[in-house]
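Here's a quick briefing to read alongside the model. Take a look at the structure first, then work through the notes by topic.

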Amino acid sequence: MKIITYNVNGIRAALNKGFADWLKKESPDILCLQEIKAMEDQIPLSLFEEAGYRYYFFPSERRGYSGVGILTKREPDKVVKGMGMSLYDTEGRFIRADYGELSVVSVYHPSGTMGDVRQDFKMEWLAFYTDYVNRLRRERPNLLLCGDYNICHE
């Protein structure tokens, strides 16, 4: 199984730069996306359908910001959007797809680069995320975490 993770830094911008051609060439079974920066109705979904993918997106409530997604050739048994904490889920940072015993997560961690308030938010997120993932592993031990982990602030 070929799984790729990709921070697209805006899915519409990526599509304008040849993302659809790259997707067809690479042809992953599962593609985890971060920083989609779009609502589902702003994404030309037919491009993914034509390439043989099902798509699951969890955008930020704030337009043009954050958001994650999973493109998959095989329909998952279950898709879970968010971690059940509205403070973080409104930013569209975590989506999970279950395939039998395997769970694949696309996660986009906050960077904390916009000052002390966002740095504090990031540190609180990381504590919550770590606890959540550790609890989730008890239920879903075959958990594959994919995403943007470029979060060092110094």
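At 11% relative accessibility, Glu91 falls under the 20% cut-off, so Glu91 counts as buried. Keep in mind that this is a predicted model. Glu91 has a charged partner, Arg93, and the two form a salt bridge with their closest N and O atoms 2.7 Å apart. Arg93 is buried too, with a relative accessible area of 3%.

**Salt bridges**

- General background for this group: side chains of opposite charge can pair when their charged atoms come close.
- The structure holds 8 salt bridges, so the ones described here are just a selection.
- Arg96 and Asp98 make one of them, with their side chains meeting at 2.8 Å, N to O.
- Arg96 has 4% relative accessibility and counts as buried, and Asp98 is also buried, at 4%.
- Lys2, Lys25 and Glu26 are joined into one network by salt bridges that share partners.
- Glu75 pairs with Arg54, and here the closest N and O atoms are 3.5 Å apart.
- That pair ties together distant parts of the chain: Glu75 sits in the loop between β4 (68–72) and β5, Arg54 sits in strand β3, and they are 21 residues apart.
- Glu75 is partly exposed, with a relative accessible area of 46%, and Arg54 is partly exposed as well, at 35%.

**The four-stranded sheet**

- Four strands make up an open sheet in the order β5-β6-β7-β8, and the pairing is mixed.
- β5 (78–81) and β8 (142–148) are the edge strands; each has a single partner strand, so one side of each has no neighbour in the sheet.
- From one strand to the next, the twist averages 15°.
- β5 and β6 run antiparallel and are joined by 4 bridges, and Lys78 has Asp98 in β6 as its bridge partner.
- β6 (residues 94–99) also pairs with β7 (residues 102–108), again in the antiparallel sense, over 6 bridges.
- Across that β6 and β7 pairing, Arg96 stands opposite Val105, while Tyr99 stands opposite Leu102.
- The hairpin of β6 and β7 has 2 residues between the strands, and Gly100 there takes a positive phi near 60°.

**How β6 is covered**

- In a regular strand the side chains alternate between the two faces of the sheet.
- On one side of β6 you'll find Phe94, Arg96 and Asp98, and on the other Ile95, Ala97 and Tyr99; these are all buried, so both faces are covered.
- Put as a count, 6 of the 6 residues in β6 are buried.
- The salt-bridge partners Arg96 and Asp98 are listed on one side of this strand.

**Nonpolar cores**

- The largest nonpolar core has 19 residues, and those with the most contacts inside it are Ile11, Phe19, Leu33, Phe48, Phe57 and Leu71.
- Elements giving two or more residues to this core are α1 (11–16), α2 (19–26), β2 (30–34) and β3 (54–58).
- Leaving aside residues up to four places away in sequence, Phe48 touches Ile11, Phe19, Leu23, Ile43, Tyr53, Tyr55, Phe57 and Leu71.
- There's a second, separate core of 14 residues, which includes Tyr88, Val105, Tyr129 and Tyr132.
- Val105 links two of these topics: Val105 belongs to that second core, and in β7 Val105 stands opposite Arg96.

How values were computed: Residues are numbered from 1 along each chain as its sequence is written. This is a predicted model: local features need pLDDT of at least 70, side-chain atom pairs count only at pLDDT 80 or more; totals for chains, interfaces and linings use all residues. Side-chain values use heavy atoms; hydrogens and water are left out. Two strands pair if DSSP finds at least two bridges between them. Axes are lines fitted to C-alpha atoms, for helices over the stretch in contact, and angles run from 0 to 180 degrees between N-to-C directions. Buried means under 20% relative accessible area, exposed over 50%, partly exposed in between (1.4 Å probe, protein chains only). A nonpolar core is a set of buried Ala, Val, Leu, Ile, Met, Phe, Trp, Tyr and Cys residues joined through side-chain atoms within 4.5 Å. Contact means heavy atoms within 4.5 Å. A salt bridge is a side-chain nitrogen of Lys or Arg within 4 Å of a carboxyl oxygen of Asp or Glu.
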